[in-house]
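Please open the structure in a viewer and keep the selection tool at hand. The tour proceeds from the whole chain to individual residues, with a note at each stop on what is to be found there.

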Amino acid sequence: MRTIFTVLVAALANTVAASPAVPRQASNYVGYLISTFSDVNPKVQFHLSNGNSASSFKFLNGGNAVLASTVGSKAVRDIFLATNTARSEYYLLATDLDVKASGFSWDVATRKGSRGIVIWKSSNLVDWSESVLRTVELDTAGMVWAPSAVWDDETSQYYLFWASRQYSASDTNHTGSATPDAIRYAVTRDFVTFSEPRDYMAPANTPLIDQEFQYLGTPGAFTRFYKNETTSQISQEITSDGLFGTWTHVGDHIATTSQREGPASFADNVTPGLYHLFLDDYTQYIPYETTDIRSAGSWKQSSTSGFPTGLKHGSVTPLSQKEYDALAAAYPA
């Protein structure tokens, strides 16, 4: 496994920078899907945009969740929808965590939390498999939070990312001190088997969680957002040479007035150069937008007219007409 993993990482680190990804700002997209949850109902919820509006959405399935976890804690948070370029498969990924469980505490959750992610699979966004819980972390990990994934065309694999902290191998009960929260990753073809987990972003003195990438329309160009747990603010970095290339800090404190977490970024389907960003204020999402994503201080809070309330840390997916119609028909608002 270790030898195979080393070969894969070397290949992926080189090919992601050169892979011809499909820009999200494409004329064949007709709307957006928010995959999310709420604190009062920790299950998968879908919100479908009204056409290509990035601020007006309808709560699908009559305002009810579309999927509930039957594994682990039987509650999910931090929903992420992953797919490949061909749109031939879809995976819903989620943190396995029930903050309403008896005796819950954040300290226990970071020491003895789930080391796996809850996963559903579909070929059409409508018919979903049963939920499964896949372990992705080592025994030394205290938890696995906020999974997200990036598809790579060149190798036909996904990069899977999450946040965790590590305890000493001798501290089997995780009662001592741990490393700061770090962004970790593995590669997978099927979300059934995974390579050995490794550090992706692990600064010595700064705990990081809630990472998400935004593809910027040209090969190797990405921006990434993540939460600095020390400041409880969202930072942004940018690169032009792939996920494992050189990253440049763009700016902290995208929201300067209060704390934020759970970034969900997406490109506008209609207006080139316009990007949207949803940030969780610990109660619900607040929308932001920019026409200059490469510059610090460019994010401004956008209109909340028609914006749904209560939804939290999730992801936003642009939809083709076929996908949009299938969701609207299967889960009427």
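**First stop: an aromatic pair**

Select Tyr185, which is buried at a relative accessible area of 4%; here buried means under 20%, exposed over 50% and partly exposed in between, with a 1.4 Å probe and protein chains only. The model is a predicted one, in which local features need pLDDT of at least 70, side-chain atom pairs count only at pLDDT 80 or more, and totals for chains, interfaces and linings use all residues. Residues are numbered from 1 along each chain as its sequence is written, and side-chain values use heavy atoms, with hydrogens and water left out.

Add Tyr200 to the selection; this residue is also buried, at a relative accessible area of 14%. How far apart are the centres of the rings of Tyr185 and Tyr200? The centres are 6.1 Å apart and the planes stand at 75°, so the pair is edge-to-face. Rings of Phe, Tyr and Trp (its six-membered ring) pair if their centres lie within 6.5 Å; planes under 30 degrees apart count as stacked, over 60 as edge-to-face and the rest as tilted. Tyr185 belongs to strand 10 (residues 182-188) and Tyr200 to strand 11 (residues 198-201), so the pair ties together parts that are 15 residues apart in sequence. Helices (H or I, at least four residues) and strands (E, at least two) are DSSP runs, numbered from the N terminus.

**The whole chain**

Now zoom out to the full protein chain, whose secondary structure consists of 4 helices and 20 strands. Its radius of gyration is 19 Å, close to the 20 Å that the globule rule gives for 333 residues, so the chain is as compact as a globular protein of that length. This radius is taken over C-alpha atoms, and the globule rule is 2.2 Å times the number of residues to the power 0.38. The C-alpha trace spans about 55 × 45 × 40 Å along its principal axes.

Colouring by accessibility is useful here: 54% of the 333 residues count as buried. The chain exposes about 13400 Å², of which carbon and sulfur atoms supply 50%; accessible areas come from the Shrake-Rupley method with a 1.4 Å probe, and for residues only the protein chains shown count as cover. Among contacts (heavy atoms within 4.5 Å) with a separation of 6 or more, 56% are between residues 24 or more positions apart.

**The aromatic cluster**

Return to the rings; a search of the whole structure finds 26 aromatic pairs. Select Tyr159 and Phe244, a tilted pair with 5.4 Å centre to centre and 40° between the planes. Tyr159 lies in strand 9 (residues 157-164) and Phe244 in the loop between strand 14 (233-239) and strand 15 (248-251), so the pair ties together parts that are 85 residues apart in sequence. Tyr159 is buried at a relative accessible area of 2%, whereas Phe244 is partly exposed at 29%.

Extend the selection to Phe161, Phe213, Tyr215, Phe222 and Trp247, together with Tyr185 and Tyr200: with Tyr159 and Phe244, these residues form one aromatic cluster.

**A buried strand residue**

Select Thr95 in strand 5 (residues 90-96). Is Thr95 buried or exposed? Thr95 counts as buried, with 0% relative accessibility. Leaving aside neighbours within four places in sequence, its contacts include Ala75, Arg77, Asp78, Val144 and Trp145. Thr95 and Val144 are 49 residues apart in sequence and 6.9 Å apart in space, C-alpha to C-alpha.

**Loops with positive phi**

Go to Ser156, in the loop between strand 8 (145-152) and strand 9. Its phi is near 55°, a positive value in a residue other than glycine, and Ser156 is partly exposed at 37% relative accessible area. Next, select Tyr282, in the loop between strand 17 (275-280) and strand 18 (285-290). Tyr282 has a positive phi of about 85° although it is not a glycine, and counts as partly exposed at 32% relative accessibility.

**Final stops**

Select Gly297, in the loop between strand 18 and strand 19 (300-301); this residue is exposed, with a relative accessible area of 63%. Its C-alpha atom is separated by 8.4 Å from that of His253, 44 residues apart along the chain.

Finish at Pro332, in the segment after helix 4 (321-330) and partly exposed at 47% relative accessible area. Beyond its neighbours within four places in sequence, Pro332 is in contact with Leu60, Asn61 and Gly62. Pro332 and Leu48 lie 284 residues apart in sequence and 9.8 Å apart in space, C-alpha to C-alpha.
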